[in-house]
Amino acid sequence: MVQGANAVQIVIGRFLTPALDTLFNWIASVTEGIVKWAEAYPEAAKWIGYAGLAILGFTGIIGTLTIAAGFGKIAMLGWSSAVTAWTTVTKVAMFFTKGWRSAQMLLNAAFVANPIGVVIAGLPPVSACCWPCYLIFPDYGNHLKILSETHGGESSYRRTRSGYGMAEKFG
């Protein structure tokens, strides 16, 4: 396999070497002429070199700015997508806010028309508060029972606060 690859390189080299040899000889002669001219006119060669460097530097700056502009376009594409998404989210939120406001206005109108509805609507939150109280305070049921009784004309609330463990829990 290696012998076959070497044979291909030799054949290609036989055809390419004369053509490349001619090209490289021409480049060497042109470069030799430029060097002789630069030695003959050093001041002109210096300024031509400065101009060449300036052109090369300007080309590098323009290339860098082109790449930066490409990154900027990519960034703006991402930014515009984010703005579009945010606008959509805002519109959806506005839609739901308007719906919620309408429902609240209808509920307020119903409560103004019938105050009994306020009492009925207040029962679920009050009863929802009773269950956590029952879980947090194990003797909550006993306190409710004591609060509902009166003993000797004394308010059961004062007796409960002072005599049945509330001071130990909170005080």
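Helices and strands are taken here as DSSP runs, a helix being H or I over at least four residues and a strand being E over at least two. On that basis, this predicted model has six helices and zero strands. From the N terminus on, the order is α-α-α-α-α-α. Little of the chain is covered: of its 171 residues, 5% count as buried.

Start with helix α1, residues 2-40. A salt bridge joins K36 to E32. The closest N and O atoms of K36 and E32 are 3.5 Å apart, inside the 4 Å limit for such a bridge. K36 and E32 are four residues apart in the helix, so about one helical turn separates them. E32 has 44% relative accessibility. That value lies between the 20% and 50% cut-offs, so E32 counts as partly exposed.

V30 is also found in helix α1. V30 counts as partly exposed because its relative accessibility is 35%. This residue belongs to a nonpolar patch on the surface. Its partners there are V8, I12, L16, L20, L23, F24, W26, I27 and I34. Together with V30, they offer about 940 Å² of accessible area. Patch members must have over 30% relative accessible area, and V30, at 35%, meets that requirement.

Next comes helix α2, residues 42-113. Here K46 forms a salt bridge with E43. Their closest N and O atoms lie 3.3 Å apart. The two residues are three apart in helix α2, so they sit about one helical turn from each other. Both ends of this bridge are partly exposed: K46 has 35% relative accessibility, and E43 has a relative accessible area of 47%. Side chains of opposite charge can pair when their charged atoms come close. By the 4 Å rule, the structure has two salt bridges.

The aromatic rings come next. The structure holds three aromatic pairs. One of them joins W47 and Y50, with 5.3 Å centre to centre and 85° between the planes. Planes over 60 degrees apart count as edge-to-face, so this pair is edge-to-face. W47 and Y50 both lie in helix α2, three residues apart, about one turn of the helix. W47 is exposed, because its relative accessible area of 53% is over the 50% cut-off. Y50 falls below that cut-off at 45% relative accessibility, so it counts as partly exposed.

F95 and F96 form an aromatic pair too. Their centres are 5.5 Å apart, with 70° between the planes. This pair is also edge-to-face. Both F95 and F96 are exposed.

F111 is found in helix α2 as well. At 24% relative accessibility, F111 is over the 20% limit for buried residues, so it counts as partly exposed. F111 and A121 are 10 residues apart along the chain. Their C-alpha atoms are separated by 9.2 Å.

Helix α3 covers residues 116-136. How far should its 21 residues span? At 1.5 Å a residue, the expected span is 30 Å. The end C-alpha atoms are 31 Å apart, which agrees. Even so, α3 has a bend of about 25° at L123. A proline, P124, follows within four residues.

Technical notes. Residues are numbered from 1 along each chain as its sequence is written. This is a predicted model: local features need pLDDT of at least 70, side-chain atom pairs count only at pLDDT 80 or more; totals for chains, interfaces and linings use all residues. Side-chain values use heavy atoms; hydrogens and water are left out. Rings of Phe, Tyr and Trp (its six-membered ring) pair if their centres lie within 6.5 Å; planes under 30 degrees apart count as stacked, over 60 as edge-to-face and the rest as tilted. Buried means under 20% relative accessible area, exposed over 50%, partly exposed in between (1.4 Å probe, protein chains only). A salt bridge is a side-chain nitrogen of Lys or Arg within 4 Å of a carboxyl oxygen of Asp or Glu. The expected span of a helix is 1.5 Å times one less than its number of residues. The bend at a residue is the angle between axes fitted to the seven residues ending there and the seven starting there. Patches are made of residues with over 30% relative accessible area and no salt bridge: like charges are joined within 9 Å, nonpolar side chains (Val, Leu, Ile, Met, Phe, Trp, Tyr) within 5 Å. Accessible areas come from the Shrake-Rupley method with a 1.4 Å probe; for residues, only the protein chains shown count as cover.
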